[in-house]
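Here is a short walk through a structure for anyone who likes to check geometry residue by residue. Please keep the viewer open while you read.

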Amino acid sequence: MSLTKRVSNWFSERLGLNDLPFFKTPDYMYHVNEWLGALVAASFIYTVISGLILLLYYNAAAGYQSTETIINQVPYGSVVLYSHLYGSYAMIILAYVHMFRNYFVGAYKKPRELLWILGVLMLVLTLGASFLGYSLIGDALAVSAVDVGAGIITSIPQLSFLIPIIFGNYDTGDYTRVLALHIILVALIGLLFVFHFFLAEQYGMMPSRKVKPKAPAVYTKEEWSKFNPWWPRNFVYMSSLIFMTWGFILAIPNALAYLNGLPQYFDPFMNPKPAPPPNSPAAAHITTYPPWFFLFLYKIADFTSDVVIFLMIGVIIPLVYLIILPFIDRSDELHPLKRKVFTGIGILMITYLIQTSLWGDLAPGVEVSIKEQVIAYLIPAIIVALGLTFIKPMDVKTKQVRGISPLTSLLFVVVAMLFAGSVVELIDYPSLFTFAVTLFTGSLFFIGSKTMGKVVLSKGFPNNAVPEVRTTTETPTSNETKRKFAEVLMSILFILVVIIVAQMWTIPPTGYASNLFGVDLGLVFLMLGEVISLYHYVVYKKPVEKEE
Amino acid sequence: MPLKIRLGNGEKGVLKTSDLYFIQKLLRTMRNPKTRFDSREFVEKGEDYLFNYVGKNVGGIDEGRRNFLKGIVIGVAAATVVGIIPGLRVLVPPVEQATGFPKSLLVDVSGNPLKASSIPVNSPIITLYEYPLTGEPNFLLNLGDKSGNPVSIAPVEVSVPQTGKTYKFPGGVGPNNSIVSYSAICQHLGCTPPYIHFYPPNYVGPSQLTAPEPNTLTAQALLAAKQANIPALIHCDCHGSTYDPYGGGAVLTGPTQRPLPAVILEYDSSTDYLYAIGAIGVATYPEGSDGVPSQDPTKDLDTSQYGSSVGSKTQVQASTNPFSGS
Ligand code: FES
């Protein structure tokens, strides 16, 4: 036996890698759809690590100054700080994606109710921790965000006792309490994550609807014992996802770090640099925004002056709905089109969330009349209701032929509505930004409609020579060329990584150029993830990975 | 050895070595009773079964290729680690401090250079700037007489009671030579403003004896001011140390045993700008082993517990008026 084999055997015996209690995974589940939770966890872990590094330097008694010190004086401090910010952004976005994906596939149903509720709570904690983290910078934006948040709480007299509990002496520039709560909330997320993770392992990943069309969708012990064990295939696949997530988190903000002069509604969200401090004259010239993930709340605050109603619409109703969802949707149907009411509500939640956030970005603090509200929110509701009434669940056979999942069609509905919405925005607020948004949603719509068009066509002409055995046309030979290609790619990536790493040693640790280090490290992580993913493809991917 | 056939005058490869190896391995597996190939199932399910079978039992690729690919993955991972190493410098705090005193322009809160002639005389508002390190506040004073006319401050010999040594305070600068600057950290136990601050002439009187903290003057302080014949003084309410702003920050009353170190200012009369260029006196509190301060203020720079060098500009902030409450 070779030395490496012996070493790896030694470890796998000691660590019990072969009989880890983790769930075994069937071949067909190596798609990112099934691993969204791992992406959220990857960004969580990244954010915790970078946050702990920042904790070595951050001084809660002088929030803004110590932020500036971290950016300007600590070696690679800005790299860590900016990626910490974007790590939390990534975590929020991925958590939403993870949640809504599981919403539409019905993963909250029996027996995964607790898993779902824990997840919803974690989302709330994540938003809370992000808000507090955002406040720690102490720049003009953070202070105004805290003011808005505190204002909302104080306007309910019974709740104003919470202000000192949450913010402490924030107004006097002492962020000790905000820092402590930030860490406490993150620790809570970590704790719930442990439960969430082990519950998920307990039930296993949710089988494809083709295999188990009804709740409870779990594999039996005999079924899953045949699947791939956690070590090594899951491990390899998972690490590729984790590294890629880290790569994006590092590369994007550091590349954006020197974006300046963007239009205002873009700048505070994309540019990771802090705004001027609140007591400086420059602060008077910036429009203050809440952090983007609370823009929707900020806009809802324009709808009504009654804070109780505002909290009901913006926070309590959606939250309570999500928490009790497993108990109100009691049918055992998993197909989104067989539980149209809930699917519809889900689509509307996404649409409203994005729509209201964009609205809050473009017209912050502008009051909205009841009539405008009705128009803005009724139209998507009507479209969804009509759409869902007429779309019928495709039966399994037609679906196999064309490979369009209901999820895709739902996505298309959302895209279509966003497109319509952005056209309206463009007419109302003609600017480069709205134009760019319209262009973006428009192209998504175009791509989507092409895909959907095929479905509609194939329905019209059921016999138009659709290749029935599409999956089996992939013979081992064609696989072999792909593998060859993958191997060549791996070698190229290796060379690239070595070149970049050599360059990384020459980057100055502070100043303008230091962010290049973050970009490079991000690229290296991306390539590492890609190499591992290619390795997974070449070594483990089977020619046919049937849903079983 | 690859398998080839001859067609006319060209050789054509049919199977490569790796493919041959693969076939060998596949055949062996098919014969192995544990993983026997089920031909009946193959007839039923067709190709699907075959591919599945191959994927499951033989694996896509042979050992050598797999090891090569593993090598690449490990290589990339190792390169990533090598790339992270310089990044570990993030754990090394930037402690190397200023090696000398920077020449720092005094600027106002909006970043414009401060005009020396615009500094109010005898202002009760605590006016501070950080120098030479962040976190080290200094008073900026434009001294005047009882009636508010600027007073020219002459160079003077200042003595350090603790050591008995003396040093030369260079005197005031500015259009009237009336601008001076002292460390705002009390040399007794390190109290900072508003506990230690400047008392303009109209606040140096018996009414201050009963004023609330941080504006209380002690009877000794008043007496000392009278004896020294100075209209204003710097007093620390923590334990009652008093310093002479007109006399280079010299000690008027204890418990402090050291005068306040002075910042050396440079005045550019053509632009009316002020620069901080150094310090004189004992080191900024609380530096100095066994309580005896160094006479050399630069000694302090590399071991200070305070922040980093303020650089070429430092902001003057006049924010607190300690007397406004009383
Ligand atoms: S610290 Fe100033 S007198 Fe004691």
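The report below goes from whole chains to helix packing and then to some backbone details.

**The two chains**

Please bear in mind that this is a predicted model. The table sets chain A and chain B side by side.

| Property | Chain A | Chain B |
|---|---|---|
| Helices and strands | 20 helices and 0 strands | 5 helices and 16 strands |
| Residues and buried share | 548 residues, 49% buried | 326 residues, 43% buried |
| Accessible surface and share from carbon and sulfur atoms | about 26,700 Å², 72% | about 16,100 Å², 55% |

The contact pattern along the sequence can be put in numbers too. Taking contacts in chain A with a separation of 6 or more, 79% are between residues 24 or more positions apart. For chain B, the corresponding share is 61%.

**Helix 4 of chain A and its partners**

A pair of packed helices is described by the angle between the two axes and by the distance between them. Helix 4 of chain A, residues 77-104, offers two such pairs to look at, with helix 5 and with helix 20.

Start with helix 5 of chain A, which covers residues 113-136. Its axis and that of helix 4 of chain A are 10 Å apart, at an angle of about 160 degrees. Because angles over 145 degrees count as roughly antiparallel, helix 4 of chain A is roughly antiparallel to helix 5 of chain A. The crossing of helix 4 of chain A with helix 5 of chain A is left-handed. On the helix 4 side, the residues in contact include A:Tyr89, A:Ile92, A:Tyr96 and A:Met99, while the helix 5 side includes A:Trp116, A:Leu123, A:Leu127 and A:Tyr134. Sorted by class, the contact between helix 4 and helix 5 of chain A holds 11 nonpolar and 4 polar residues, with no charged ones.

Now turn to helix 20 of chain A, residues 514-540. Here the axes of helix 4 and helix 20 of chain A come within 7 Å and cross at roughly 55 degrees. The two helices of chain A, helix 4 and helix 20, are therefore oblique to each other. Helix 4 of chain A makes a right-handed crossing with helix 20 of chain A. From helix 4 of chain A come A:Ser78, A:Val79 and A:Tyr82, and from helix 20 of chain A come A:Ser514, A:Asn515, A:Phe517 and A:Gly518. This contact of helix 4 with helix 20 of chain A has 3 nonpolar and 4 polar residues, and no charged residues.

**Backbone details to inspect**

Where does A:Pro111 sit? A:Pro111 belongs to the loop between helix 4 and helix 5 of chain A. The peptide bond leading from A:Lys110 to A:Pro111 is cis, with omega near 0 degrees.

Chain B has a cis peptide bond as well, joining B:Pro193 and B:Pro194 with omega about 10 degrees. B:Pro194 is in the loop between strand 8 (179-183) and strand 9 (196-199) of chain B.

Two asparagines of chain B are worth a click for their phi values. B:Asn177 has a positive phi near 55 degrees and is placed in the loop between strand 7 (166-169) and strand 8 of chain B. With a relative accessible area of 36%, B:Asn177 is partly exposed. B:Asn229 has a positive phi near 60 degrees, and its place is the loop between helix 5 (219-228) and strand 10 (233-236) of chain B. B:Asn229 counts as exposed, because its relative accessibility is 67% and the cut-off for exposed is over 50%.

How values were computed
Residues numbered from 1 in each chain as written. Chains lettered and ligands numbered in written order. Predicted model: local features only at pLDDT ≥ 70, side-chain atom pairs only at ≥ 80, totals over all residues. Heavy atoms only, no water. Axes fitted to C-alpha atoms, helices over the stretch in contact; angles between N-to-C directions. Helix = DSSP H or I, 4+ residues; strand = E, 2+ residues; numbered from the N terminus. Parallel < 35°, antiparallel > 145°, perpendicular 65-115°, else oblique. Left-handed = near helix turned anticlockwise from the far one by under 90°. Contact = heavy atoms within 4.5 Å. Nonpolar A, V, L, I, M, F, W, Y, C, P; charged D, E, K, R; others polar. Buried < 20%, exposed > 50% of the residue type's maximum accessible area, 1.4 Å probe, protein only. Areas by Shrake-Rupley, 256 points an atom, 1.4 Å probe, with all protein chains shown as cover.
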